[in-house]
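Thanks for coming. I'll take one structure today and go through its side-chain pairings.

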Amino acid sequence: MAPIPGSGLAKGLAVTLRTMTKKTVTEQYPDVQPDLPPRTRGVIGLFEENCTVCMLCARECPDWCIYIDSHKETVPPAAPGGRERSRNVLDRFAIDFSLCMYCGICIEVCPFDALFWSPEFEYAETDIHELTHERDKLREWMWTVPAPPALDPGAEEPKEIASARKAAEKLAAAQAETTAPPTGTEPHAEEQARAAESPTRPAGDSKQQTDQPRQEDGE
C-alpha cells in the first residue's frame, strides 16, 4: 500500500504539538550545577606516582593525543654488593583534549592504575592550543575523581590486600619474638601459683622447731 501523501509531515507536526503542551524544564547552568552521574567521562586525571612510563596509553590511543617524555636514572643497589638498576623518570605527560574522543582506552589499558575518569567538565578555552593540558593540571583533576564503589561483602579479598596483611602479621610476630623475655628468666607459671598457695613461715622459725613438740615448763 502506497503511503498517503503528507503522512510524514502530519506525524512530525503531531510530535511537535505534543511537545509544545508539556512543561519546559530548564537547568539554570552555570548558576546551578547539573546533577551528573558519578562516573561521568568529563576529563582524565593523572596519578603520577603510579606511572611507570610504559607508554601503553600513548600507543593504544586511537587519536594519538597523549604525549609522554621521560629519561632514565640509575638507582644504587639496595644492599652492598648488589647491582645498579635503571628506572624511567617521567618528564612530561600531556593530553590534547581538542583531539581526545573520550573513548577511555588509555584508562583501560593502564596496568598500574595511573589514569582515572573525573566528572570535571568545565575546562573550555578560547584558544585551542590551551586544551593541551600538562601533568600538573591533570594531577589537579585527580582530586576530583570519585571514590570507587564498595566491594561486595561476600567477595573474595583482593590478592594485594591479602599479601600485605600476611606480611604485616609476619612482621608483627617477628617483633613480638624479639621483644619477648628469654626463657628461664622468670619462674614458670605453675611454680608461681604453687609459691602463692604455700603458707609463709615466720622469720626465725626452722623446720625442726615446728616439727618438735613443745616441752612443758619444769620438765
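I'll start with glutamate 134, which has a relative accessibility of 33% and so counts as partly exposed. Keep in mind throughout that this is a predicted model.

Which residue does glutamate 134 form a salt bridge with? The partner is arginine 92, and the closest N and O atoms are 3.0 Å apart. This pair connects distant parts of the chain, with the two positions 42 residues apart in sequence numbering. Arginine 92 sits in strand β3, residues 85-96, while glutamate 134 is in the loop between β5 and α4, the latter being residues 135-142. Arginine 92 is partly exposed as well, at 29% relative accessible area.

As background, side chains of opposite charge can pair when their charged atoms come close. In this model the count of salt bridges is seven.

Next, a pair inside a helix. Lysine 137 and glutamate 140 are joined by a salt bridge, 3.7 Å from N to O. Both belong to helix α4, and they are three residues apart, about one turn of the helix. Lysine 137 has a relative accessible area of 34%, so the label is partly exposed. Glutamate 140 gets the label partly exposed too, at 47%.

Helix α5, residues 159-179, has a comparable case with arginine 165 and glutamate 169, which are four residues apart, again about one turn of the helix. Their side chains meet in a salt bridge with an N to O distance of 3.4 Å. Relative accessibility is 36% for arginine 165, which counts as partly exposed. Glutamate 169 is at 47% and is also partly exposed. These two residues belong to a network of salt bridges that takes in Glu157.

On to the cysteines. How many disulfides are there? The count is zero. For cysteine 51, the nearest cysteine sulfur belongs to cysteine 57 and is 6.5 Å away, and cysteine 51 is in no disulfide. Why does cysteine 106 have no bond to cysteine 103? The sulfur of cysteine 103 is the closest cysteine sulfur to that of cysteine 106, but the distance is 6.4 Å, which is too far for a bond; the cut-off is 2.5 Å. Is cysteine 106 buried or exposed? Cysteine 106 is buried, with 8% relative accessibility.

Now the aromatic residues. There are six aromatic pairs in the model. Ring pairs join Phe97, Tyr102, Trp117, Tyr123 and Trp141 into a cluster.

A separate item is a nonpolar patch on the surface, made of Tyr29, Leu36 and Phe121. Together these residues have about 260 Å² of accessible area. Phenylalanine 121 lies in the loop that runs between β4, residues 115-118, and β5, residues 132-133. With a relative accessible area of 33%, phenylalanine 121 is partly exposed.

The last residue is valine 75, in strand β2, which covers residues 66-75. Which residues does valine 75 contact, leaving aside neighbours within four places in sequence? They are Glu84, Arg85 and Arg87. For valine 75 and arginine 87, the C-alpha to C-alpha distance is 7.1 Å, and the separation in sequence is 12 residues. Valine 75 is partly exposed, at 28% relative accessibility.

To recap, the model is predicted, with seven salt bridges, six aromatic pairs and zero disulfides. I'll stop there and take questions.

Key: Residues numbered from 1 in each chain as written. Predicted model: local features only at pLDDT ≥ 70, side-chain atom pairs only at ≥ 80, totals over all residues. Heavy atoms only, no water. Buried < 20%, exposed > 50% of the residue type's maximum accessible area, 1.4 Å probe, protein only. Phe/Tyr/Trp six-rings, centres within 6.5 Å; stacked < 30°, edge-to-face > 60°. Patch = residues over 30% accessible without salt bridge, like charges linked within 9 Å, V, L, I, M, F, W, Y side chains within 5 Å. Areas by Shrake-Rupley, 256 points an atom, 1.4 Å probe, with all protein chains shown as cover. Salt bridge = Lys/Arg side-chain N within 4 Å of Asp/Glu carboxyl O. Contact = heavy atoms within 4.5 Å.
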